[in-house]
Amino acid sequence: MKPPKHSSEPPFGKENQDQEFEQELLKVERALVALKERYNQVQADKASQRELQQRLQRSRHSKLPNVKAELKQIQQQLEELELNLESQLFSWDSLKEPFWQAIRFGGLGVIIGWLLKSVVG
């Protein structure tokens, strides 16, 4: 029996897998950085929201003449912050796959339904 020859070069499949792994790892790292940035933004928005709500409460109890303009401005800023905070839940990237799954299987169901209807009727 001859001992098997050991090649110093990795097989092509192994090299390709390593490159794919590195690319996926870079993707994950970029996603983590984006997630950290979004988390920091959400924390800052929540702090701003709390501050604006406190200002809103103080302004409502105030008897100054320019209170209406300030109340309107605070309310607008609060609405913008709420929109920013809600946008973290829904993004096209998070909805892309379920959307296309629904389109694919819903369309497939319609086609199967038409075929069955044409066969039966």
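Start with the whole chain in view and colour it by burial: of its 121 residues, 9% count as buried. Keep in mind as you go that this is a predicted model. Switch on the accessible surface and you are looking at about 11100 Å², with 60% of that area belonging to carbon and sulfur atoms.

Now change to a cartoon view. The chain has three helices and zero strands, so reading from the N terminus gives the order α-α-α. If you draw the contacts between residues at least 6 apart in sequence, 54% of them join residues at least 24 apart.

**First stop: Glu24 and Lys27**

Select Lys27 and Glu24, and show their side chains. What do the two side chains form where they meet? They make a salt bridge, with an N to O distance of 3.5 Å. The structure holds one salt bridge, and you have it on screen. Both partners sit in helix α1, three residues apart, which is about one turn of the helix. Side chains of opposite charge can pair when their charged atoms come close.

Is Lys27 buried or partly exposed? Its relative accessibility is 48%, so Lys27 counts as partly exposed. Glu24 has a relative accessibility of 44% and therefore counts as partly exposed too.

**Second stop: Asp45**

Stay in helix α1, which covers residues 12-60, and move along to Asp45. This residue is buried yet has no salt bridge. Which side chain of opposite charge is nearest to Asp45? Select Arg38 and you have the answer: it is 4.9 Å away. A salt bridge needs the nitrogen within 4 Å of a carboxyl oxygen, so this pair does not qualify.

With Asp45 still selected, bring up its surroundings. Leaving aside residues up to four places away in sequence, Asp45 touches Leu81, Asn84 and Leu85. Show those three as sticks to see what Asp45 is in contact with from further along the chain.

**Third stop: the patch around Ile112**

Finally, jump to Ile112, in helix α3, which spans residues 92-120. Is Ile112 buried or partly exposed? At 42% relative accessibility, Ile112 counts as partly exposed.

Add Phe105, Leu108 and Leu116 to the selection and put the surface back on. Together with Ile112, these residues make a nonpolar surface patch of about 390 Å². Colour the four side chains to make the patch stand out, then turn the model until it faces you.

Notes. Residues numbered from 1 in each chain as written. Predicted model: local features only at pLDDT ≥ 70, side-chain atom pairs only at ≥ 80, totals over all residues. Heavy atoms only, no water. Helix = DSSP H or I, 4+ residues; strand = E, 2+ residues; numbered from the N terminus. Buried < 20%, exposed > 50% of the residue type's maximum accessible area, 1.4 Å probe, protein only. Lys, Arg positive; Asp, Glu negative; His and termini not counted. Contact = heavy atoms within 4.5 Å. Areas by Shrake-Rupley, 256 points an atom, 1.4 Å probe, with all protein chains shown as cover. Patch = residues over 30% accessible without salt bridge, like charges linked within 9 Å, V, L, I, M, F, W, Y side chains within 5 Å.
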